[in-house]
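Q: Please take a close look at one part of this structure, its salt bridges, and say where the paired side chains sit.

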Amino acid sequence: MDTIVYEIEGSLYINLTNKCSNNCDFCIRNHRDGMVDYNLWLSKTPTAKEIIEELKNQHFEQFNEIVFCGYGEPLYALDAMLEVAKFVKGYGLKTRVNTNGQADLICGEGVAKKFDGLIDIVNISLNEASREKYQKVCHCAFGEKGYDALLKFAGEVKQYSKVIFSIVDTIPKEDIEKCKQIAEDIGVTLRIREYIK
């Protein structure tokens, strides 16, 4: 049975799709041996109705937030994500999406506005300090345009949601400093994560 809903450290995660526009060197997808205690590879893409039916069995009061994050890029299932977000917002829950930020390339223009009132936090994987380095590590299907798109999306969606860029601490210190400047210029938060093998 597919793992659509799973729990990590007090947050309830929703696994929407296998599909992703990146093929990052460090991504756990490349191993397909599961993450924590879950095998997240989906045999089929769940519908919003199927996800909501699973959520009806949850005790929402025990969770800090609902997070749209699984093996794939959640924005490939944008309509389902927004429908599910509307459902959980009815219970007063905080929502977060972990994304590569290539919203407009994946879904077309105007995605940011759709987050208004539905997505509280947008965590965008910045990963690198330049489009060239990003492409070398993330192998984006859209080429270097993927990096430009995530910067643009961050600037747009910050009007509706709190935006956090994330990088890992394994990139050179000078690139971390550049990432800090990029985040500051756009007016968003930068989170430096410890790399977990």
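A: The salt bridges are taken pair by pair below. The model is predicted, and a search of the whole structure finds 11 salt bridges.

In helix α6 (residues 145–157), the side chains of K152 and E156 meet in a salt bridge, with 2.9 Å from N to O. K152 and E156 are four residues apart in α6, which means that about one helical turn separates them. Residues three or four places apart in an α-helix point the same way, because the helix has 3.6 residues a turn. K152 is partly exposed at a relative accessible area of 38%, and E156 also counts as partly exposed, at 24%. Buried would require a value under 20%. The pair does not stand alone: D104, E109, K152 and E156 are linked in a network of salt bridges.

Helix α6 also takes part in a contact with another helix. The side chains of R131 and D148 meet in a salt bridge, again with 2.9 Å from N to O. This pair links distant parts of the chain, since R131 lies in helix α5 (residues 131–138) and D148 in α6, 17 residues apart. R131 is partly exposed, with a relative accessible area of 34%, and D148 is partly exposed at 32%.

A further salt bridge joins the side chains of E50 and K44, at 2.9 Å from N to O. E50 is partly exposed at 32% relative accessibility, and K44 is partly exposed at 46%.

Note on methods. Residues numbered from 1 in each chain as written. Predicted model: local features only at pLDDT ≥ 70, side-chain atom pairs only at ≥ 80, totals over all residues. Heavy atoms only, no water. Salt bridge = Lys/Arg side-chain N within 4 Å of Asp/Glu carboxyl O. Buried < 20%, exposed > 50% of the residue type's maximum accessible area, 1.4 Å probe, protein only. Helix = DSSP H or I, 4+ residues; strand = E, 2+ residues; numbered from the N terminus.
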